[in-house]
Amino acid sequence: MPPNIVRATQVSWIFTPTVNRTIPSYLPFLYPQQRSASILSSLSDNPTAYHKKIRRGRGPSSGKGKTSGRGHKGQKQHGKVPRGFNGGQTPDEVVHGVRGFENQFSVEMKPLNLEKIQSWVDQGRLNPAKPITIRELAKSRCISEVKDGVKLLAKGSEKLTSPLHIITSRASASAIAAIEAAGGSVTTRYYTPASIERIIKGKTDPIHSLQSQIAMPVEEPREQRDYPIRLPDPTGRKDIEYYRDPAHRGYLSHQLEEGQGPSLFFKTPGFGKLVARKTRSKAASAAENRIW
């Protein structure tokens, strides 16, 4: 009679070690991950992450078969056609020529009308008791995507009722007259695209710079005006002349004397230093030319 062999499943309790396999609750990353194997068959990228490749010349059912979407015969079917090709006749660029140019000195100002500012004030999104700068306009979403600056326009000036104190890049003459008639003030100052980005982020003072002497009716506390990056001043002639002009309410108009023009090239009569020319008499010049 063969010996009685005990199965391993019957004596599994003999080899099972008595070890506490519980994992502490404060170590959740040690829990084994349980994931179904069916997830591997459903992995896919987002539908808009790629475009399916177009297989050309693979039968009419694809819509790109036979002629592969090029049509029948001709230069467009057999090869490439250069840009502006008119079938062999003289190109339009040669007949009419290239006209115009791109002005490298032009600036792109964001237009801002008075009616929109008054609407923002009525909604409580702008405080008329404080100076309104590019930072306040950007934070209140009154303007967006500012590149070279903001220009104040007078559309809807009849709706303006609040006395506003606005500091902007440029302003029209009618907008200045409307704001000052309502008891407010307008100051235009120089900004660069980089400084506008820093102003919106709160890294640069939106009002004061080294050459500015802007006196506002309501001054911010000094601790709020300690910024890590200084606001630049203009260096080009056109910018300096614009912000020196009192008619534009420029912030550099304090550099001019009364009656002096803002131009750096054309001098105002009566201003500037006059150097007297030294004249020599004929006798003195003849005495110097003597040999003995």
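**Figure 1. Helix 8 and the largest pocket of this predicted model****.** Helix 8, which spans residues 237-244, gives the most to the lining of the largest pocket, with 4 residues. The pocket has a volume of about 280 Å³. In total, 14 residues line the largest pocket. If you would like a few side chains to start from, pick Phe105, Val107, Arg170, Tyr190 and Asp239, which lie nearest the pocket centre. Phe105 also takes part in a charge-over-ring arrangement: the charged end of Lys238 sits over the Phe105 ring, 5.7 Å from its centre.

**Figure 2. Aromatic rings and their partners****.** Across the whole structure, a search finds 4 aromatic pairs. A pair of aromatic rings is described by the distance of the centres and the angle of the planes. For Phe265 and Phe266, the centres are 4.9 Å apart and the planes make 85 degrees, an edge-to-face pair. Are these two residues, Phe265 and Phe266, buried or exposed? Both Phe265 and Phe266 are exposed. Elsewhere, Tyr190, Tyr242, Tyr243 and Tyr251 form one aromatic cluster. You have already met Tyr190, one of the residues nearest the centre of the largest pocket. A ring can have a charged partner too: the charged end of Lys116 sits over the ring of Trp120, 5.3 Å from its centre.

**Figure 3. Helix 6 and its buried face****.** Helix 6 covers residues 173-181, and its buried residues are Ala175, Ile176, Ala178 and Ile179. Seen down the helix axis, these buried residues fall within an arc of 165 degrees, so they line one face of helix 6. A little helix geometry is handy here. An α-helix has 3.6 residues a turn, so residues three or four places apart point the same way. What do the buried residues of helix 6 pack against? Their partners are helix 4 (114-122), strand 2 (149-153), strand 3 (165-168), strand 4 (170-171) and strand 5 (185-188). On the other side of helix 6, Ala173 and Ala181 are exposed. After the helix comes Gly183, whose phi is positive, near 95 degrees.

**Figure 4. Two buried serines in loops****.** Ser172 is found in the loop between strand 4 and helix 6. With a relative accessible area of 17%, Ser172 is buried, because buried means under 20%. Leaving aside neighbours within four places in sequence, Ser172 is in contact with Lys151, Leu152, Leu153 and Ala154. The second serine, Ser162, is found in the loop between strand 2 and strand 3. Ser162 counts as buried as well, at 12% relative accessibility. Which residues does Ser162 touch, not counting those up to four places away in sequence? Ser162 touches Gln118, Val121, Pro128 and Ala182.

**Figure 5. Helix 7, from its buried side to its exposed face****.** The buried residues of helix 7 are Ser195, Ile196 and Ile199. They cover an arc of only 105 degrees around the axis, which puts them on the same side of helix 7. These buried residues pack against helix 5 (134-139) and strand 2. Turn to the face away from the buried side, and you will find the exposed residues Glu197 and Lys201. Ala194 also has its place in helix 7, which runs over residues 193-201. With a relative accessible area of 40%, Ala194 is partly exposed. How many residues apart in sequence are Ala194 and Pro232? They are 38 residues apart in sequence, and 9.9 Å apart in space from C-alpha to C-alpha. Helix 7 is followed by Gly202, whose phi is positive, near 85 degrees.

**Figure 6. The protein chain behind the close-ups****.** To place the views above, it helps to step back to the whole chain. The protein chain has 9 helices and 5 strands. Along the sequence, these elements follow the pattern α-α-α-β-α-α-β-β-β-α-β-α-α-α. Of the 292 residues in the chain, 26% are buried. Among contacts with a separation of 6 or more, residues 24 or more positions apart account for 50%.

Definitions and conventions: Residues numbered from 1 in each chain as written. Predicted model: local features only at pLDDT ≥ 70, side-chain atom pairs only at ≥ 80, totals over all residues. Heavy atoms only, no water. Buried < 20%, exposed > 50% of the residue type's maximum accessible area, 1.4 Å probe, protein only. Helix = DSSP H or I, 4+ residues; strand = E, 2+ residues; numbered from the N terminus. Arc of directions from axis to C-beta. Contact = heavy atoms within 4.5 Å. Phe/Tyr/Trp six-rings, centres within 6.5 Å; stacked < 30°, edge-to-face > 60°. Lys NZ or Arg CZ within 6 Å of the ring centre and 35° of its normal. 1 Å grid on protein atoms, 1.4 Å probe; cavity = no way out; pocket = protein on both sides within 12 Å on 5 of 7 lines; lining within 4 Å. Points joined across faces, edges and corners; volume = space filled by probe spheres on them.
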